[in-house]
Amino acid sequence: VRIALNLKGLEAEQVFVHLGRNGGEQFSAAFKDVNPQSLVPVLETEGKALSQSLAIIEYLDEIHPEYPLLPQQSSERARCRQIALAIACEIHPLNNLRVLNYLVDELGVDEVRKQLWVRHWMESGLQAVEELIEAEASGVRFCVGDRPSIADCCLIPQLFNARRFDVDLAPFSKLREIERHCMSLDAFQRAAPSRQPDAA
Ligand SMILES: N[C@@H](CCC(=O)N[C@@H](CS)C(=O)NCC(=O)O)C(=O)O
């Protein structure tokens with residue numbers, strides 16, 4: 001969502017929710033009122049709290065169409081959504097904090113097996129995305145076409161996540177090439193976790 005805001009040149013007032021402090025601020029009653037799913041991000045707009053990154057990004061794209069994050073052509077739009085969903089629905093939920101905490105705290109999974117879980121789902125998920133993109137083009141700069149889209153808004157944070165878990169990204173040459181291009185852009189650089197005011 002931060003990448004999308006930056007690409008569109010939009011400013012949003014930021015309110016930080018610490019996912020680790022006090023057992024996780026996302027579980028506080030106050031935050032649950034904002035998002036019953038206890039997940040960030042949330043965009044408060046038009047008197048409503050909108051959650052789910054892709055819903056937020058598509059909303060922003062509709063009300064601020066000047067830097068489109070979906071291409072014009074329906075087949076290309078579907079490709080962007082295909083890749084975005086392959087990441088947001090199939091990869092990210094399996095390495096999310098609450099899922100990993102459940103494995104460890106409730107199911108007694110040890111650290112080594114937790115890492116195996118994360119790497120297995122990340123590697124197989126990223127491999128599929130690599131192949132989806134490989135099927136499309138060579139000399140690729142972005143996930144679809146020649147400009148950043150919702151697919152890139154999903155891919156780049158997930159590659160950051162992969163590194164956090166020491167996933168070997170060497171086999172994913174297309175994904176790394178896309179990352180290189182995206183990270184040369186100010187909008188992606190400014191969205192990096194380390195650049196946020198609440199970065200530890
Ligand atoms: N599908 C949701 C996922 C949101 C999500 O999982 N957010 C993470 C941070 S990246 C979170 O809030 N985790 C808190 C937790 O696992 O307890 C989206 O795309 O917005």
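In this predicted model, the buried residues of helix 7 are Ile-150, Ala-151, Asp-152, Cys-153, Cys-154, Leu-155, Ile-156, Gln-158, Leu-159, Asn-161 and Ala-162. They account for 11 of the 15 residues in helix 7, so the helix is mostly covered, buried meaning under 20% relative accessible area. Helix 7 spans residues 150–164. From its first C-alpha to its last, helix 7 reaches 22 Å. That is close to the 21 Å expected at 1.5 Å a residue. Asp-166 follows helix 7. The phi of Asp-166 is positive, near 55 degrees.

A second buried position lies in helix 1. This helix covers residues 2–7 and includes Asn-6. Asn-6 counts as buried because its relative accessibility is 16%, and the cut-off for buried is under 20%. Residues up to four places away in sequence aside, Asn-6 touches Ala-187, Arg-190 and Ala-191.

The ligand has its own set of surrounding residues. These are Leu-19, Gln-26, Phe-27, Leu-39, Val-40, Pro-41, Gln-52, Ser-53, His-92, Asn-96, Leu-97 and Arg-98. By class, this shell holds 6 nonpolar, 5 polar and 1 charged residues. Polar atoms of the protein approach ligand oxygen atoms at several residues, among them Asn-96. There, a polar side-chain atom lies 2.6 Å from an oxygen atom of the ligand. For Gln-26, an N or O atom of the side chain is 2.8 Å from a ligand oxygen atom. Arg-98 contributes a polar backbone atom, 2.8 Å from an oxygen atom of the ligand. On its own, the ligand has 510 Å² of accessible area, and the protein covers 82% of it.

Terms used
Residues are numbered from 1 along each chain as its sequence is written. This is a predicted model: local features need pLDDT of at least 70, side-chain atom pairs count only at pLDDT 80 or more; totals for chains, interfaces and linings use all residues. Side-chain values use heavy atoms; hydrogens and water are left out. A residue is near a molecule or strand if one of its heavy atoms lies within 4 Å of it. A polar contact is a pair of N or O atoms within 3.5 Å; within protein, one must be able to donate a hydrogen and the other to accept it, and residues adjacent in sequence count only if both atoms are side-chain atoms. Accessible areas come from the Shrake-Rupley method with a 1.4 Å probe; for residues, only the protein chains shown count as cover. Ala, Val, Leu, Ile, Met, Phe, Trp, Tyr, Cys and Pro count as nonpolar, Asp, Glu, Lys and Arg as charged, and the others, Gly among them, as polar. Helices (H or I, at least four residues) and strands (E, at least two) are DSSP runs, numbered from the N terminus. Buried means under 20% relative accessible area, exposed over 50%, partly exposed in between (1.4 Å probe, protein chains only). Contact means heavy atoms within 4.5 Å. The expected span of a helix is 1.5 Å times one less than its number of residues.
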